[in-house]
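User: Hey, can you walk me through this one? I'm new to this, so plain words please.
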Amino acid sequence: MNSRDLILGRVRRALADVPRDDTPYDQAVDRDYLREHGNLGVEETVELLAENLADYRAIVHRCTDAELPAQLAGMLAAHGSTSVVVPPGLPPAWLSAADITRVEDRAESTVYDLDEVDSVVTACALAIAETGTIVLDGGPDQGRRRITLVPDHHICVVRVPDQVVSSVPQAFELLDPARVLTWISGPSATSDIELDRVEGVHGPRTLEVVLVSGDGRA
Amino acid sequence: MSGGTFVGMPAFPEAAHEAVSNKTLRANLRHATHTIRGKRAKAVAEMSDWAQLREAGKRIKDHTLRHLDRYLVQLEESVTAAGGVVHWAADADEANQIVIDLVRMTGESEVVKVKSMATQEIGLNEALEAEGIAAYETDLAELIVQLGKDRPSHILVPAIHRNRGEIRDIFTREMSEWGRPAPEGLTDTPAELAEAARLHLREKFLRAKVGVSGANFMVAETGTLVVVESEGNGRMCLTLPETLISVVGIEKIVPTWQDLEVFLQTLPRSSTAERMNPYTSTWTGTTDGDGPQTFHLVLIDNGRTDTLADEVGRQALRCIRCSACLNVCPVYERAGGHAYGSVYPGPIGAILSPQLRGTASEIDASLPYASSLCGACYEVCPVAIDIPEVLVHLRERVVQGGPATREGNKVVLKPAKGHAAERAAMRAARWAFGHPGALRTGQRLASRTRRFHPRTLPGPGRAWSGTRDLPAVPAEPFRDWWQRTHGGKDTTK
Ligand code: SF4
């Protein structure tokens with residue numbers, strides 16, 4: 001007997017005492033927990049996102065659409081970056097004001113190439129206010145998972161309020177499991193040494209989030 | 001079973017006794033468990049629907065377990081449809097052999113690993129090493145443990161027993177043996193130590209062709225795997241190599257994508273006391289151009305179906321390995337993780353290891369006694385595992401023997417005889433009851449679990465407790481009475 005049949009057989013025998021139960025799954029579990037916590041308005045939800053991001057030591061900035069290119073240029077300069085990875089679908093206007101070497105993430109470029117780059121700028125799929133989380137789903141304006149992992153400085157742009165949800169359950173409603181997802185809450189961190197929190201062991205040590213609001217002209 | 005048992009490990013009371021006399025260890029543990037405990041309470045208090053989330057988590061897992069055969073088959077189908085390959089391993093040896101063969105097929109002789117209890121349980125690193133394959137642990141704490149030729153002592157913070165000075169010494173001494181040496185003049189500040197680890201490990205991540213991981217969850221409906229972590233070493237292992245091999249216990253399934261909304265709320269808060277852990281990765285089979293293009297899932301049994309066969313004990317399979325129960329356990333706090341002689345320490349280890357491995361060995365027979373039955377572990381458990389209930393059940397099993405399942409076969413266990421079990425039980429019991437405060441810690445729950453508190457200790461403990469009074473558990477503690485009579489909402493099930 002192969003191990004698959006062996007294990008499945010053992011499972012069935014192990015459950016011999018359990019009465020048959022054909023309740024459909026959507027009725028088997030009470031989901032009387034909350035879809036979101038609290039009753040915040042749109043602006044307050046964005047405010048909560050900003051607070052929680054900052055609480056987990058992401059650096060939060062706010063600007064309008066029109067200000068974004070200058071904002072990003074300023075942030076890259078302030079970080080001392082000389083090169084930036086650009087996902088294939090990042091709106092070209094975003095980096096139009098930055099005087100910096102752009103590195104496209106090509107299929108043939110190696111991780112060693114990425115390791116040489118200072119920063120990466122991406123959009124996101126959505127952000128979760130209650131937990132201070134941004135979620136990337138590999139869309140064209142976010143690129144492959146590795147580009148937000150290897151460089152030491154990640155700038156993530158979140159459109160507010162469109163891309164902001166309140167809670168984890170609301171995020172799951174919108175996200176597609178068929179895509180590869182990366183949930184990011186603050187920069188890489190460890191508390192392994194005497195529980196002292198240290199930012200950045202393997203992922204980016206600096207996470208900056210720009211909350212961009214429409215200014216009516218976009 | 002290779003690697004499952006710590007060879008030469010003394011039974012719990014002896015090991016605990018040794019640990020208790022180690023001052024540094026106790027101070028580190030105390031600091032750590034109290035810090036996490038306090039933070040966790042705050043993180044949980046933020047959620048007004050915690051009781052409902054806990055109940056939903058419990059129900060989801062129970063439902064999954066009672067239909068586990070169906071969900072395993074569904075998971076296999078969906079992972080395969082998404083481009084992955086599924087393997088089944090009945091025990092540790094088989095799982096190790098599958099991984100060895102898979103690594104060999106790639107032609108590589110090293111792998112990078114993200115911390116995984118399952119691979120520790122089966123002793124994968126040792127098995128790979130015996131075949132000439134180097135397995136690099138990439139979690140900072142695991143690196144400390146691996147370089148220190150040591151064993152993890154906590155699920156979440158495996159190097160909790162080491163202080164910064166010891167870590168500096170280990171890095172300075174050992175890093176050059178494994179790759180990039182520690183920087184000259186390395187000090188013991190956590191930031192510098194973390195930087196040394198970053199440089200040392202990055203070299204390995206960038207050249208690695210094979211990654212090995214576990215998973216926190218697997219979604220039957222979609223074939224999605226989930227890894228929850230903090231440092232980014234998980235993302236490195238899951239993203240950069242060409243081949244990814246995930247080794248996961250069969251109990252880690254949830255039926256649907258939506259189910260994750262429960263556990264991604266309860267796990268981080270119970271575990272690191274954060275609203276959300278820094279990184280969570282989910283992947284479904286393979287994705288063109290992003291991440292490993294070859295994905296293998298190794299599903300392991302290794303005692304899980306035997307555990308499932310136990311009507312009382314099967315609830316241990318709900319465990320999501322958050323480690324909250326360790327941090328509140330007065331016995332764990334004093335004894336430390338190593339005393340449990342398995343990769344699963346603390347209260348969960350005390351019920352899981354004897355079920356996965358059987359109670360034939362002295363250490364496994366003594367584990368059900370490694371508790372004061374104070375109930376604090378049950379109170380914090382995000383999937384409401386009634387650990388005290390299972391402990392009492394397993395004590396009975398050890399003392400009186402009875403029916404059990406081993407490797408799929410029904411067996412009748414003989415009562416543990418001889419001085420070993422008796423001594424184990426006696427010393428553990430005396431030790432636990434002899435610590436004032438140990439019982440008080442979870443007094444609220446203690447009376448809930450009152451029916452599990454023996455008037456006298458069972459079996460070997462009887463002679464001893466016959467001449468001494470066990471601390472009485474009040475019928476209803478004050479706080480319960482207050483809540484009941486003053487309209488306090490009772491949220492504990
Ligand atoms: S038994 Fe419960 S509290 Fe303990 S690790 Fe498992 S899920 Fe967490």
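Analyst: Sure, let's start at Leu299(B). Leaving out residues up to four places away in sequence, Leu299(B) touches Leu72(B), Leu75(B), Val86(B), His87(B), Trp88(B), Ala89(B), Met218(B), Val248(B) and Ile250(B). Keep in mind that this is a predicted model.

User: OK, and which residues touch the most other members of the largest nonpolar core?
Analyst: Leu299(B) is one of them, along with Trp183(A), Phe12(B), Leu72(B), Leu297(B) and Ile351(B). That core has 108 residues. Apart from it lies another core, of 36 residues, including Leu140(B), Val145(B), Ala159(B) and Met175(B).

User: How many helices and strands does chain B have?
Analyst: Chain B has 23 helices and twelve strands. It is 493 residues long, and 65% of them count as buried.

User: Switching topic: where is His161(B)?
Analyst: His161(B) sits in the loop between helix 8 (140-147) and helix 9 (164-178) of chain B.

User: Buried or exposed, that His161(B), and why?
Analyst: His161(B) is buried, because its relative accessible area is 10%, and buried means under 20%.

User: What does its side chain make a polar contact with?
Analyst: The side chain of His161(B) pairs up with the side chain of Asp150(B) in a polar contact, at 2.8 Å.

User: Last thing: which residues are around the ligand?
Analyst: Among them are Cys319(B), Cys322(B), Cys325(B) and Cys381(B), plus Arg321(B) and Ser323(B). By class, the shell has ten nonpolar residues, one polar and one charged.

Key. Residues are numbered from 1 along each chain as its sequence is written. Chains are lettered from A and ligands numbered from 1 in the order in which they are written. This is a predicted model: local features need pLDDT of at least 70, side-chain atom pairs count only at pLDDT 80 or more; totals for chains, interfaces and linings use all residues. Side-chain values use heavy atoms; hydrogens and water are left out. Helices (H or I, at least four residues) and strands (E, at least two) are DSSP runs, numbered from the N terminus. Buried means under 20% relative accessible area, exposed over 50%, partly exposed in between (1.4 Å probe, protein chains only). A polar contact is a pair of N or O atoms within 3.5 Å; within protein, one must be able to donate a hydrogen and the other to accept it, and residues adjacent in sequence count only if both atoms are side-chain atoms. A residue is near a molecule or strand if one of its heavy atoms lies within 4 Å of it. Ala, Val, Leu, Ile, Met, Phe, Trp, Tyr, Cys and Pro count as nonpolar, Asp, Glu, Lys and Arg as charged, and the others, Gly among them, as polar. A nonpolar core is a set of buried Ala, Val, Leu, Ile, Met, Phe, Trp, Tyr and Cys residues joined through side-chain atoms within 4.5 Å. Contact means heavy atoms within 4.5 Å.
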